[in-house]
Amino acid sequence: MPHRNTPPRPANEDQPAIAADEWYTTNELARLVKVDASTLRRWRTHSPPQGPPFVRLSGRVVLYGAADVRQWMASRRVCPGQGA
């Protein structure tokens with residue numbers, strides 16, 4: 001569940017949308033972008049760090065801003081047929 005005050009989502013929604021002011025834990029974001037949580041951890045600890053921007057609140061608490069995730073995903077977009 002995202003970390004903000006939002007009304008509950010309908011139970012039949014398979015995949016929640018990424019809203020602008022939400023924050024996600026590693027596990028929540030992993031489910032949203034369909035990668036294993038260990039992949040996000042590996043990206044964070046790579047030198048230099050890879051993946052979407054993150055906020056380290058403590059040694060064990062890392063959050064990802066939805067706006068940052070959307071921007072990062074847009075930067076990774078590939079449009080076949082357009083100039084390289």
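# Exercises on a predicted model

Leu57 is exposed, its relative accessible area being 53%. The model is a predicted one, and the exercises below start from this residue.

**Exercise 1.** Locate Leu57 among the secondary structure elements, and state which surface patch includes Leu57.

*Solution.*
Step 1. Leu57 sits in the loop between β2 and β3.
Step 2. The cut-off for an exposed residue is over 50% relative accessible area; Leu57 has 53% and is therefore classed as exposed.
Step 3. Together with Trp23, Val55 and Val61, Leu57 forms a nonpolar patch on the surface. The accessible area of these residues together is about 330 Å².
Step 4. For the whole protein, the accessible surface is about 6,200 Å², and carbon and sulfur atoms hold 53% of that surface.

**Exercise 2.** Give the order of the elements along the chain, then work out the strand order in the sheet and explain why β1 and β2 each leave one side without a neighbour in the sheet.

*Solution.*
Step 1. The protein contains three helices and three strands, and from the N terminus on they follow the pattern β-α-α-β-β-α.
Step 2. The three strands make an open sheet in the order β1-β3-β2, and the pairing is antiparallel.
Step 3. β1 and β2 (55-56) are at the edges and have a single partner strand each, so one side of each has no neighbour in the sheet.
Step 4. β2 and β3 run antiparallel and are joined by two bridges. Arg56 has Val62 in β3 as its bridge partner.

**Exercise 3.** Determine which residues of α2 are buried, where they lie around the axis, and what covers them.

*Solution.*
Step 1. The buried residues in α2 are Ala37, Thr39, Leu40, Trp43 and Arg44.
Step 2. The arc they cover around the axis is only 160°, so they lie on the same side of α2.
Step 3. Arg42 and Thr45 are exposed on the other side of α2.
Step 4. The cover over the buried residues of α2 includes α1, β2, β3 and α3.

**Exercise 4.** Describe the packing of α1 and what follows this helix.

*Solution.*
Step 1. Helix α1 spans residues 26-33, with Thr26, Glu28, Leu29, Ala30 and Leu32 buried.
Step 2. These buried residues pack against β1 (23-24), α2 (37-45), β3 (62-65) and α3 (66-75).
Step 3. After α1 comes Lys34, with a positive phi near 60°.
Step 4. Across the 84 residues of the protein, 25% are buried. Of the contacts with a separation of 6 or more, 37% are between residues 24 or more positions apart.

Technical notes:
Residues numbered from 1 in each chain as written. Predicted model: local features only at pLDDT ≥ 70, side-chain atom pairs only at ≥ 80, totals over all residues. Heavy atoms only, no water. Buried < 20%, exposed > 50% of the residue type's maximum accessible area, 1.4 Å probe, protein only. Helix = DSSP H or I, 4+ residues; strand = E, 2+ residues; numbered from the N terminus. Contact = heavy atoms within 4.5 Å. Pairing = 2+ DSSP bridges. Areas by Shrake-Rupley, 256 points an atom, 1.4 Å probe, with all protein chains shown as cover. Patch = residues over 30% accessible without salt bridge, like charges linked within 9 Å, V, L, I, M, F, W, Y side chains within 5 Å. Salt bridge = Lys/Arg side-chain N within 4 Å of Asp/Glu carboxyl O. Arc of directions from axis to C-beta.
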